[in-house]
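Got the model open? Let's go through some of the labels and see what stands behind them.

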Amino acid sequence: MKLEAEITRAGYDEKTILLSNVNVKADEGHVLLIAGSSGSGKTTLLLSLTGVLKHLLNGIVDGSISINGLNPLILEDFEKLPGNISVLMQDPERQLIFPTPLDELSTSLEAIGYPHVEALKQASILLSEIGLSNKVNVHVEDLSSGERRKLTLALIQVGDPPIYMLDEPSANLDPQSIALVRDTVKKWKNNGKTVLIVEHKIHYFRDLADEMYVLRGGRLGEFFVINDMLVNLPECEPTSSSEGEVVLEFEGDIGYNDTPIVRNAEFKARRGELISIVGPNGSGKTTFLKTLAGFLKPVDGEVKTFTKKYFYAPQNPDLVFVHRTVKKELESIARKTSKPLHELTLMYPWFMKMLDKSPYQLSHGQRRLLELLIAFAYGEDLILLDEPTTGLDAQLYEYVIRELRTRVSKGSTIIVATHDPRLVLESSRVYVLESGKIKEDDKCRVAESMFKSMGVIYE
């Protein structure tokens, strides 16, 4: 099945036209990789191609689109589109509606004609294939963000559509799960499916792509600017011991409802360190961070924090916003932290264009940077960050890394939970959380293992 589109313009209203004269063409068995900076309109492009922007979000999309003879811009054709195309959304929370993974998949299978018993059987098979066989009846809210991402990957395969669109498919996934996504894309490609991938971490899918494009200035261009999309990896320096002042330490068990997830943990953070916590999806990294931050009580033991100026930034940046506009968010930070407002606005490159917008209307990368700015402002001594590099393009990633380096050099302690081996290479020390245990390991060995597990070669 072919996908062809000529979009003359697209946006959420007359004041926010993000795309102009964008042409997309994809043949059967082809993979298209689309990159672009945060806020450039990549997600808007997918919403335009599917008709969602026009019919469900009341946006503007002018032009023509053909998907197996259907034009999603025509309401009658838009209603016939399910079954012809599946979309992996950037935020899994917006794609899941049922209590458990088994409910989610079996209900979708029944909707396309499977008898109840057969739907349960097929749902169990799909969950096993994505590594969630032990989570079939766990409430979706109790899954990690990476596990929810894998669940949506299984969900979009229900019905075996001929076209797939993936929006940041690597976000929040551990290296083994990224390898799973890569293998799935290979399978689709070999079976003649058409695949569009929007991704900041282009290395993950570059070798699978038949065509690669960059979205800039509202237009889709050839991938001649690829170097702008890449992050230069630092040389790995072996982990060295730190003798600085202890700012946080913990010994004991962590978990939920008095049920340990990690036992006999020993963790210590010193001033001026950047510490990464890595491990598979669902291993307990977020639970560990929340316990260190004081949001969860340890099952056993005590978290000792020797500072009052600390901040926890969750995986979902939307959880930290409290005001209706970006301007009010920054004004509130300035007022509460005594940080000059002009300094905060300089740290946020979209401020003048976005000052009157709601934080929730920003792109994922723009929301992530705003969350990190808030964390940096409040957490002078200790900052805990959960997956801080998801949704960041190469330039924003480099900017955030520079900020992390600067703050560590000035004595701040930063603890991150991450699946990003690039961030591991920047760390002072690394802890690996797996199979209910957490232990310190050499960062060079850990980063190399993560790259190998992905099946990705970095230049």
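What follows is a short round of questions and answers on cores and sheets.

This is a predicted model, where local features need pLDDT of at least 70, side-chain atom pairs count only at pLDDT 80 or more, and totals for chains, interfaces and linings use all residues. Residues are numbered from 1 along each chain as its sequence is written, and side-chain values use heavy atoms, with hydrogens and water left out.

Q: What makes a set of residues a nonpolar core?
A: Its members are buried Ala, Val, Leu, Ile, Met, Phe, Trp, Tyr and Cys residues joined through side-chain atoms within 4.5 Å; buried means under 20% relative accessible area (1.4 Å probe, protein chains only). The largest such core here has 38 residues, and Tyr348, Leu370, Leu385, Leu404 and Ile414 are those with the most contacts inside it.

Q: Which helix gives the most to this core?
A: H12, with eight residues. Helices are DSSP runs of H or I, at least four residues, and strands are E runs of at least two, numbered from the N terminus.

Q: Why are S17 and S18 said to pair?
A: Two strands pair if DSSP finds at least two bridges between them. Strand S17 (residues 429-434) and strand S18 (residues 437-441) have five bridges, in the antiparallel sense, so they pair. Glutamate 434 stands opposite lysine 437 in S18.

Q: What makes S11 and S13 edge strands?
A: Each pairs on one side only. The open sheet runs in the order S11-S10-S13, with antiparallel pairing.

Methods. Buried means under 20% relative accessible area, exposed over 50%, partly exposed in between (1.4 Å probe, protein chains only).
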